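Please look through the structure below with its side chains in view. The paragraphs that follow walk through its charged contacts, its cysteines, its surface and its aromatic rings.

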Amino acid sequence: MHHPSAAGSLMEPRTEVEASRSRASLGRHVLNGLLLCTGDMEHLDKYMQGKLFVLQLSMWSLRGVSRVILANNPLSGFLILTALFWASPWQVLLGTLGVLASTLTAVIMGQDSTEVSGGLHGFNGMLVSLLMGVCSSAGDWYWWLLLPALYGSAACVFLSSGLSSVLDHWDVPASVFPFNIIIILYLLCTGSDNPYFPHHPATPLWNMEPNDTQLIVVEQVVRGIPLGVGQIFACEALGPSLLILGAVLLYSPLLAVHALLGSAVGTLAGLSVAVRHDSLYSGLSGFNGALACMAVGGIFFTFSWKTHLFSIVSAFFSAYANIALSNLLGTVSIHTSSHVCMKLQQTVQIDIFPCTCNQTKNMHQLLNLKQHIQQNISSKSRTIMLFVSYLITF
């Protein structure tokens, strides 16, 4: 006959073992669930096949939102919209209408279904509407601004379709050409004194305030590094910027690291040429560097120590190019649009390092890379054509 205390002592280790196994199983389930939310979430595309058009349109639009920051994840797009709503409900309304207008226009025009479902026709529209809202001096909830925002977002699809057929001959991706063209034309057609669509006049980054002898606040400069990531979406609040960085981290930790690194490099470039302090503090000096560093080090090229170093060089180049163009266009009160310097950098360098097969598969529509380059165009002339074609954007 067993003593009750002995039986109890035998049950306690078993209970602890079962509890440990239960915790380990729960941890594995949580980890597997998180992994399903990372990367491109291709399994979601298969699940959405045959669903209601409204649901599919929502997913396509969320992918278009994430494409702005070189990601391709609908959950990342949702987090970015949440961050924008946190920063400004008016801006998230403009961005949402812009991405919906451009995506619906692409569907109506019968654009390639793979490009539409991948969000490749949505990000230009979102960028156009966001920049129109940021540049506008009429304030929030100026409903007349919806007219040029919706029209410009839809026009991006027409420009993208037309430019692609021309630029394909030189292996140049249309990418953000439509956004750049639309926003610059809008700013040129309107002005700071326009009675219907006024916008803030742009000033060169070297244009200091009179008698500005204040020392740079190091804490605010450091704070401007994560703000540089948020400025990709024209967001200059710290909390929303960190949430946007979290959305990038969800898609790719490597991409998030390069985003912060590139923003830091861009801020350093701004310090080296003594740009305005508010440009350093708000993250405007860092966002182009972040984009270039992400493109080279985290997305389009095989990651190695060479590409990592090259991503830093690219960030410096893009940051200095952004400063130069801001000074040039600021003299005529025109804002430099985001992504211009990054796209110039990434397309000129596109043949230097090989892409991995997986990366090419994930981003082949965005880059529009061809497997066989036309034989009648040399590598040198192609590089020159790439550079000249992007200068035409201005």
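This is a predicted model, and a useful place to begin is Arg-276, which counts as buried because its relative accessibility of 12% falls under the 20% limit. Its partner is Asp-278, with which Arg-276 forms a salt bridge whose closest N and O atoms are 3.1 Å apart. Asp-278 itself is partly exposed, with a relative accessible area of 44%.

The count of salt bridges comes to 2, and another of these contacts joins the side chains of Arg-63 and Asp-45, with a distance of 3.2 Å from N to O. This pair links distant parts of the chain, since Arg-63 belongs to helix 3 (residues 53-67) while Asp-45 belongs to helix 2 (residues 42-48), 18 residues apart. Here, too, the arginine is buried, Arg-63 having a relative accessible area of 2%, whereas Asp-45 is partly exposed at 27%.

Turning to the cysteines, the count of disulfides comes to 0. Cys-37 counts as partly exposed at 22% relative accessibility, while Cys-293 is buried, with a relative accessible area of 0%.

On the surface, Phe-53, Val-54, Leu-104 and Val-107 make a nonpolar patch of about 320 Å², and the elements that give two or more residues to this patch are helix 3 and helix 5 (89-109). Phe-53, which lies in helix 3, is partly exposed, with a relative accessible area of 40%.

The aromatic rings offer a further set of contacts, for a search of the whole structure finds 5 aromatic pairs. In one of them, the rings of Trp-90 and Trp-141 have centres 5.2 Å apart and planes at 55°, so the pair is tilted. These two residues lie 51 residues apart and link distant parts of the chain, with Trp-90 in helix 5 and Trp-141 in the loop between helix 7 (123-135) and helix 8 (146-167). Trp-90 counts as buried at 1% relative accessibility, but Trp-141 is partly exposed, with a relative accessible area of 43%. A pair of another kind is that of Phe-316 and Tyr-320, whose ring centres are 6.3 Å apart and whose planes meet at 20°, so the pair is stacked. Phe-316 and Tyr-320 are 4 residues apart in helix 15 (residues 305-330), and are therefore separated by about one helical turn. Ring pairs also link Trp-90, Trp-141 and Trp-143 into a cluster.

Finally, a charge and a ring come together where the charged end of Lys-51 sits over the ring of Tyr-47, 4.6 Å from its centre.

Terms used. Residues numbered from 1 in each chain as written. Predicted model: local features only at pLDDT ≥ 70, side-chain atom pairs only at ≥ 80, totals over all residues. Heavy atoms only, no water. Salt bridge = Lys/Arg side-chain N within 4 Å of Asp/Glu carboxyl O. Buried < 20%, exposed > 50% of the residue type's maximum accessible area, 1.4 Å probe, protein only. Disulfide = S-S within 2.5 Å. Patch = residues over 30% accessible without salt bridge, like charges linked within 9 Å, V, L, I, M, F, W, Y side chains within 5 Å. Areas by Shrake-Rupley, 256 points an atom, 1.4 Å probe, with all protein chains shown as cover. Phe/Tyr/Trp six-rings, centres within 6.5 Å; stacked < 30°, edge-to-face > 60°. Lys NZ or Arg CZ within 6 Å of the ring centre and 35° of its normal.
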